[in-house]
Amino acid sequence: MLRLYTHPDCLAHQPGPGHPESPARLRTVLAALDHDRFARLDRCEAPAVTAAQLARVHEAAMLARIEAAAAEAARNGAGVALDADTVLGPHSIEAARRAAGAAVAAVDAVLAGACRHAFCAVRPPGHHATPQQAMGFCIYNSVAVGAAHALAAHGLARVAIADFDVHHGNGTQAYAAGEPRVLYLSSHQSPLYPGTGEHGEHDPGNVLNAPLPPGSGGAAFRAVWDERLLPRLAAFRPQLILVSAGFDAHRLDPLADLDLGHEDYAWIGTRLAHLADAHCGGRLVSVLEGGYSLSALTGAVPAYLQPQLD
Ligand SMILES: [Zn+2]
């Protein structure tokens, strides 16, 4: 069974006119799931993350800077820039709290057996946010906060994070570098923002990067997952699999140059669900990251989730 976590506050984050990380992205994802074949989705409201849950991943100085920026944005009714392309609007902190809180609640749900799989339809995305800094459209690193919760609150010893967003999750990698109980696996376009994620970065160790050159399509994507990333994931014997589910490697995406189609998202969704079934009782939590073509999101998100419905 698949559970969906989302919250209306995630639509209230306004990074500014013309910004690609728009509320329309999440509206599009929710509309795509408002369909007969998703009628059995168990729809839940995402709670807000707590300060203690955030502090497992993010340093106190960063959290204080974000709180101060949020107070300034609310006071002035205008956005405050956290970096060149990450803006905190008057309601952005509520969105970020719900996004990270969704990941925590989804981890609790799959570990309690309330559902086998969960999808967090949230924004802002999170995988670029490092323990020290919000960046790259990301405020809190939701997937890392979910992993840290699984370790601290549930006592797990092996949590895997699989990331197929077209950008490298530098923030998640930075978190994993200091947390040996987490395995971080990523396929991404290189060169591309944020410029990290080369072969061998932090490897051997608990990070495995599979950079793909611009123009790579489904065959190259499936090859790196089948030959490198999924075997490593299986060998790790995860007790829980978290997924940074970004849909910006789709050929329609305006921010990158990979050439995936809906069928490739169905493929990775099937592979990850099977791996979760084989190793950790189906416990699979996916968190929405990037994806900036509304047409791509309309097709790719249902294609990815369909194999998790059973
Ligand atoms: Zn991305």
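Colleague: Before we start, what does contact mean here?

Modeller: Contact means heavy atoms within 4.5 Å. Keep in mind that this is a predicted model.

Colleague: OK, so how much of the contacts with a separation of 6 or more comes from residues 24 or more positions apart?

Modeller: Those residues account for 76% of such contacts in the protein.

Colleague: And what is the chain built from, in helices and strands?

Modeller: There are nine helices and 10 strands.

Colleague: How does the radius of gyration fit with a compact globule?

Modeller: The protein has 17 Å, and a compact globule of 310 residues would have a value near 19 Å, so the two agree. If you draw a box along the principal axes, the C-alpha atoms fill roughly 50 × 40 × 40 Å.

Colleague: How many of the residues count as buried?

Modeller: Of the 310 residues, 59% do. As for the surface, the protein exposes about 10800 Å², with carbon and sulfur atoms supplying 54% of it.

Colleague: Let's switch to the metal. Which protein donors does the zinc ion have?

Modeller: Asp-165 is listed twice, each time through an OD atom, and then come His-167 through ND1 and Asp-248 through OD. They lie 2.0 to 2.7 Å from the zinc ion.

Colleague: Why is the arrangement called irregular?

Modeller: The four donor atoms subtend angles of 52 to 154 degrees around the zinc ion. Four donors count as tetrahedral if all angles lie between 85 and 135 degrees, so that label is out. Square planar needs opposite donors over 155 degrees apart, so that one fails too.

Colleague: What spacing do the donors follow along the chain?

Modeller: The pattern is D-x1-H-x80-D. His-167 sits in the loop between strand 6 (159–163) and helix 6 (170–177), while Asp-248 is in the loop between strand 9 (240–245) and helix 8 (262–280), so this pair ties together parts 81 residues apart in sequence.

Colleague: Are those two buried or exposed?

Modeller: His-167 is buried, with a relative accessible area of 8%. Asp-248 counts as buried as well, at 0% relative accessibility. The cut-off for buried is under 20%.

Colleague: New topic: where is Asn-206?

Modeller: Asn-206 is in the loop between strand 7 (182–189) and strand 8 (207–212). At 15% relative accessibility, Asn-206 counts as buried.

Colleague: What does Asn-206 touch?

Modeller: Leaving out residues up to four places away in sequence, its partners include Ala-176, Glu-179, Pro-180 and Tyr-184. With Ala-176, a polar atom of the Asn-206 side chain lies 2.7 Å from the backbone oxygen.

Terms used. Residues are numbered from 1 along each chain as its sequence is written. This is a predicted model: local features need pLDDT of at least 70, side-chain atom pairs count only at pLDDT 80 or more; totals for chains, interfaces and linings use all residues. Side-chain values use heavy atoms; hydrogens and water are left out. Donors are N, O and S atoms within 2.8 Å of the metal (3.2 Å for Na, K and Ca); water is not among the atoms, so sites may look incomplete. Four donors count as tetrahedral if all angles lie between 85 and 135 degrees; four count as square planar and six as octahedral if opposite donors are over 155 degrees apart and all others between 65 and 115; anything else is irregular. Helices (H or I, at least four residues) and strands (E, at least two) are DSSP runs, numbered from the N terminus. Buried means under 20% relative accessible area, exposed over 50%, partly exposed in between (1.4 Å probe, protein chains only). The radius of gyration is taken over C-alpha atoms; the globule rule is 2.2 Å times the number of residues to the power 0.38. Accessible areas come from the Shrake-Rupley method with a 1.4 Å probe; for residues, only the protein chains shown count as cover. A polar contact is a pair of N or O atoms within 3.5 Å; within protein, one must be able to donate a hydrogen and the other to accept it, and residues adjacent in sequence count only if both atoms are side-chain atoms.
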